[in-house]
Amino acid sequence: MSDIFGVPIQAFMGQLMLGLVNGCFYAMLSLGLAVIFGMLNIVNFAHGALYMVGAFLAWMLLNLVGVNYWVSLLLVPLAVGALGALIEKTMLRWLHGLDHLYGLLLTFGLALIIEGIFREAYGSSGQPYDLPQVFKGSFDLGFMFLPKYRAWVVIASLVVCLATWFVIEKTKLGAYLRAGTENPNLVKAFGINVPLMVTLTYAFGVGLAGLAGVMAAPIYQVSPLMGSNIIIIVFAVVVIGGMGSILGSIVTGLALGLIEGLTKVFYAEISTTVVFIIMAIVLMFRPAGLFGREK
Amino acid sequence: MNRTWLVFVVLALAGLVAPFVGYPIFLMKVLCFALFASAFNLLIGFTGLLSFGHAMFFGFAAYVSGHAAKVWGLTPEVAILLGTLSAGALGVVSGWLAVRRQGIYFAMVTLALAQMVYFICVQAPFTYAEDGIQSIPRGKLLGVVDLANDRVMYYLVFAVFMAGLLGIYRIIHSPFGQILKSIRENEARALSLGYDVDRYKHLAFVLSASLAGLAGATKSLAFGLATLTDVSWQMSGEVVLMTLLGGMGTILGPALGATIVVTMQNYLSSLGSMVTIIMGVTFVACVLLFRRGIVGEIQFRLGRKA
């Protein structure tokens with residue numbers, strides 16, 4: 001019973017766990033993209049870059065100022081969110097009413113600028129982020145060792161995702177948001193400050209990316225390239241899930257992370273492409289995405 | 001109409017004397033990217049489809065023609081043809097998938113498919129991963145004309161560029177091109193008039209992919225190099241920038257945009273990552289202030305239609 005299809009169970013569970021952790025990041029990022037897309041009709045190409053900014057801010061806070069992980073976990077999303085609000089107010093706002101493609105192009109330009117600045121300052125190599133003391137070591141589950149930090153990432157990101165889902169689908173604030181998505185003019189007529197809501201939505205979406213960045217910092221190397229590496233996979237995740245459903249993007253993100261982990265065990269050659277292959281298959285049979293509706 | 005032909009004649013003359021004025025190597029680079037951007041423009045400017053994965057055609061064709069010339073020892077014209085055809089074939093498959101989604105999703109699907117091609121190129125043995133295919137021989141055109149001389153090679157590249165540009169001009173002024181424009185303007189109406197919109201989009205995609213492949217294949221012979229840079233998403237972004245800067249939906253805009261971007265990269269290459277930042281700023285400035293692009297703005301000021 002120590003093998004699964006000829007793979008030692010330790011290695012199997014380890015890869016699966018790593019896949020799940022990746023899936024958590026996919027879920028948090030695609031969730032942010034879906035929220036932003038719903039309200040602003042913009043595909044935020046800068047999402048990956050802002051995730052990278054989140055990781056770098058955490059790294060700088062720790063290594064330059066000595067601010068610990070927990071404070072970063074709170075401060076960095078706020079900072080990235082504030083940056084997002086600034087971007088929305090000074091730039092994205094002007095694209096209102098134009099073809100959606102311009103939003104993609106503008107945020108692509110922003111992604112290049114942000115990535116370029118960090119590459120200029122730190123080169124392309126990664127910076128290590130020291131784990132907080134509490135998370136060192138791992139739990140012995142009998143059949144595998146579960147690193148404490150990975151367990152924390154999975155639980156924390158699931159809580160964040162579900163809380164976001166709850167706020168949007170079950171609270172009054174979420175109802176305003178959803179109404180604003182459907183018909184902004186009507187919501188405006190009811191006396192709700194829609195422009196402010198749009199700014200805050202964007203800030204929240206990218207704040208989520210910043211939070212994911214902080215959580216990712218101790219797992220991956222903090223590098224200027226980490227954002228662009230992940231954002232394209234997240235785009236594929238979004239195409240697979242369809243951006244229409246909040247819960248759908250969470251489930252799709254997690255599932256694809258797991259599948260990626262599994263391919264690493266059984267057929268490593270395609271582990272970098274499996275998400276795209278699945279995307280192609282989904283496009284063949286369900287062009288609108290698994291949870292999507294054509295808009 | 002006559003004025004357009006005048007522009008083409010001036011362009012041809014300028015191209016003929018150019019290698020006696022500038023560096024042929026630099027000019028070849030400009031021309032290859034100008035053709036690449038013009039091919040991309042066929043899709044965004046005249047069909048309204050934003051592909052964010054055109055590097056896959058450019059880069060894949062570069063690999064194929066490089067392999068054909070170096071390993072199989074084929075003559076340059078056959079190598080370029082093979083590269084172009086393989087990009088077209090890639091366009092058939094990826095376009096078939098991508099036209100199933102519209103607008104913003106189309107951009108994401110093409111980006112993701114291009115990334116898949118990138119990863120395949122990272123792993124495939126014939127691309128030599130990080131090194132790329134190096135010192136690809138230019139060979140002898142039709143087995144007769146030796147292309148080793150930069151100026152001779154330049155004229156081949158220039159001929160390919162002019163042929164490509166004229167081909168694009170021909171396509172957009174054909175009945176087929178008019179239907180593409182009608183899809184760009186109002187897809188639902190084109191559909192209701194009985195046009196099989198997806199098929200037209202697919203065909204436009206394949207044509208654009210093949211021409212992008214032609215540019216890539218020519219590039220790999222001219223510079224003897226095919227690398228992962230050519231298939232990367234950054235390259236896809238660059239071609240978008242060239243087209244946006246020059247003017248989407250204009251004939252000469254993308255070529256002008258390519259000239260500017262390549263010149264900029266050439267002179268600023270010592271600045272490293274600053275180039276990326278400058279490109280990003282250009283992107284943002286174009287989208288916010290300058291959506292018609294340079295040629296588009298000039299045409300608008302002159303009050304002429306494209």
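**Exercise 1. Determine in which helix Trp152(A) is found, and whether this residue counts as buried, partly exposed or exposed.**

*Solution.* Trp152(A) belongs to helix H5 of chain A, which covers residues 148-170. The model is a predicted one. The next step is to count neighbours: Trp152(A) has 15 C-beta neighbours inside 10 Å. A residue is buried at 20 or more and exposed at 12 or fewer. Trp152(A), with its 15 neighbours, therefore counts as partly exposed. As a last step, consider Phe135(A), which lies 17 residues from Trp152(A) along the chain. The C-alpha atoms of these two residues are separated by 8.3 Å.

**Exercise 2. Carry out the corresponding analysis for Ser192(B).**

*Solution.* Ser192(B) is part of helix H8 of chain B, residues 187-192. Inside 10 Å, Ser192(B) has 10 C-beta neighbours. The limit for an exposed residue is 12 or fewer, so Ser192(B) counts as exposed. For a distance along and across the chain, take Ala98(B): 94 residues separate Ala98(B) from Ser192(B) in sequence, and their C-alpha atoms are 21 Å apart.

**Exercise 3. Establish how compact chain A is for its length.**

*Solution.* Begin with the secondary structure: chain A holds 11 helices and 4 strands. Its radius of gyration is 19 Å, and the globule rule gives 19 Å for 295 residues, so chain A is as compact as a globular protein of that length. Along the principal axes, the C-alpha atoms of chain A occupy a box of roughly 65 × 50 × 35 Å. Of its 295 residues, 49% are buried. Finally, take the contacts in chain A between residues at least 6 apart in sequence: 77% of them join residues at least 24 apart.

**Exercise 4. Repeat the assessment for chain B.**

*Solution.* Chain B contains 13 helices and 2 strands. The radius of gyration of chain B, 19 Å, is close to the 19 Å given by the globule rule for 306 residues, so this chain is as compact as a globular protein of its length. The C-alpha trace of chain B spans about 50 × 40 × 40 Å along its principal axes. Buried residues account for 53% of the 306 residues. Among contacts in chain B that link residues at least 6 apart, 77% join residues at least 24 apart.

**Exercise 5. Describe the contact between the chains, and identify which element of chain B gives the most residues to it.**

*Solution.* First, count both sides: chain A contributes 32 residues and chain B contributes 34. On the side of chain B, helices H5 (103-123), H10 (233-246) and H12 (274-289) each give two or more residues. H5(B) gives the most, with 14 residues. By class, this side of chain B has 24 nonpolar, 8 polar and 2 charged residues.

Next, examine H5(B) itself. The helix has 21 residues and reaches 31 Å from its first C-alpha to its last, close to the expected 30 Å. Because 16 of its 21 residues are buried, H5(B) is largely enclosed by the rest of the structure.

**Exercise 6. State how many residues the largest nonpolar core has, and examine one of its residues with the most contacts.**

*Solution.* The core has 196 residues. Those with the most contacts inside it include Ala55(A), Ala236(A), Leu35(B) and Met108(B). Helix H1 of chain A, residues 9-40, supplies the largest share of this core, 16 residues. Now select Leu35(B): leaving aside residues up to four places away in sequence, Leu35(B) touches Val160(B), Phe161(B), Gly164(B), Leu211(B), Leu214(B) and Ala215(B). As general background, nonpolar side chains tend to be buried together in soluble globular proteins.

Methods. Residues are numbered from 1 along each chain as its sequence is written. Chains are lettered from A and ligands numbered from 1 in the order in which they are written. This is a predicted model: local features need pLDDT of at least 70, side-chain atom pairs count only at pLDDT 80 or more; totals for chains, interfaces and linings use all residues. Two residues are in contact if their C-beta atoms, placed from the backbone, lie within 7 Å. Ala, Val, Leu, Ile, Met, Phe, Trp, Tyr, Cys and Pro count as nonpolar, Asp, Glu, Lys and Arg as charged, and the others, Gly among them, as polar. A nonpolar core is a set of buried Ala, Val, Leu, Ile, Met, Phe, Trp, Tyr and Cys residues joined through C-beta atoms within 7 Å. The expected span of a helix is 1.5 Å times one less than its number of residues. The radius of gyration is taken over C-alpha atoms; the globule rule is 2.2 Å times the number of residues to the power 0.38.
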